[in-house]
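Hi everyone, thanks for making the time this morning. I'd like to walk you through one structure, so please have a look at the screen.

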Amino acid sequence: MRIKKLDDKKMDEVESSNAINLVSILADEAYRSDRMLEDYSYVGLGFRKGVDYKRESDKVAFIIVPDARISSVEGPFGTVHLRQAVPISKSEYDALKSKQIDVRTLYEKIGTDLVDFDRPSVI
C-alpha cells in the first residue's frame, strides 16, 4: 500500500501502522480462503466502517492491482510479483459485486494506487 502523506506526523505514523495491519489481514484472508490476490481482483473483508485508523472513511474493501512502479523482483527463491491494495468505497464495492463495473475500469476511474481515505467515490 502506498499511503498519502499526512500533515500530522503522529497520524501519519498511525495510518502507516494501520496499513501494515491491513496488509496482514489481506494476507490472512488469502491464506484462509486458499485464494491468490490476483491482478484486477477485489477483496471485501467484512468491514462495515472504514479501513482507516479512525474507522471514519467510506473505504471498506480493496482492489488488487499490479504495482505500477515495481512489477517484480528477483529473489533467492524466484520471482516475486508485487501488487497494490487500493481501498475502495462501499458504493464502489457494491458496483463490483453487482458487475456494474469491472476492477480495471474502476481502477482507471480512481486514477491512482495512492491510498487516500479522503478520496471521493467515483461511483
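Let me start with a single pair of residues: A61 has I88 in strand β6 as its bridge partner. Before I go on, a word on what you're looking at: this is a predicted model, where local features need pLDDT of at least 70, side-chain atom pairs count only at pLDDT 80 or more, and totals for chains, interfaces and linings use all residues. Residues are numbered from 1 along each chain as its sequence is written, and side-chain values use heavy atoms, with hydrogens and water left out. When I say helix or strand, I mean DSSP runs numbered from the N terminus: H or I with at least four residues for helices, E with at least two for strands.

Back to our pair. Strand β3, residues 59-66, is joined to β6 by 7 bridges, and the two run antiparallel. As a general reminder, strands of a sheet pair through backbone hydrogen bonds, either parallel or antiparallel. For two strands to count as paired here, DSSP has to find at least two bridges between them.

So what is the strand order in the open sheet? It is β2-β3-β6, 3 strands with antiparallel pairing. The edges are β2 and β6, each of which pairs on one side only. From one strand to the next, the twist averages 30°. For angles like that, axes are lines fitted to C-alpha atoms, for helices over the stretch in contact, and the angles run from 0 to 180 degrees between N-to-C directions.

Now the helices on the sheet. Helix α2 packs there and touches β2, β3 and β6, with its direction at about 105° to that of β6. Helix α3, residues 103-110, also packs on the sheet and touches β2, β3 and β6; its direction makes about 100° with that of β3. Contact, by the way, means heavy atoms within 4.5 Å.

A nice residue to click on is Y42, which sits in strand β2. Setting aside neighbours within four places in sequence, Y42 is in contact with R35, F62, I63, Y93, L96, K97 and V103. Is Y42 buried, exposed or in between? Y42 is partly exposed, at a relative accessible area of 26%. The cut-offs are under 20% for buried, over 50% for exposed and partly exposed in between, using a 1.4 Å probe and protein chains only.

On to charges. How many salt bridges does a search of the whole structure find? The count is 8, where a salt bridge is a side-chain nitrogen of Lys or Arg within 4 Å of a carboxyl oxygen of Asp or Glu. Let me show you three.

In the first example, R32 meets E29 at 3.1 Å, N to O. These residues are 3 apart in helix α1, residues 9-32, so about one helical turn separates them. R32 is exposed, at 58% relative accessibility.

The next example is D39 with R83, whose closest N and O atoms are 2.5 Å apart. This pair links distant parts of the chain, 44 residues apart: D39 is in the loop between α1 and β2, and R83 is in strand β6. D39 is partly exposed, with a relative accessible area of 32%, and R83 is partly exposed, with 32%.

The last example is D94 with K90, at 2.9 Å, N to O. Both lie in helix α2, residues 90-97, and are 4 residues apart, about one turn of the helix. There is also a network: salt bridges that share partners join D28, E29 and R32.

R83 comes up again in the largest pocket, which holds about 290 Å³ of space. Of its 14 lining residues, the closest to the centre are L37, E38, I64, H81 and R83. Which element gives the largest share of the lining? That is α1, with 4 residues. A pocket here is an open set of points on a 1 Å grid over the protein atoms alone, where a 1.4 Å probe fits, with protein on both sides within 12 Å along at least five of seven lines; lining residues have an atom within 4 Å of a point. Points are joined across faces, edges and corners, and the volume is the space filled by probe spheres set on them.

One last stop: Y40, in the loop between α1 and β2, has a positive phi of about 60° although it is not a glycine. Thanks for listening!
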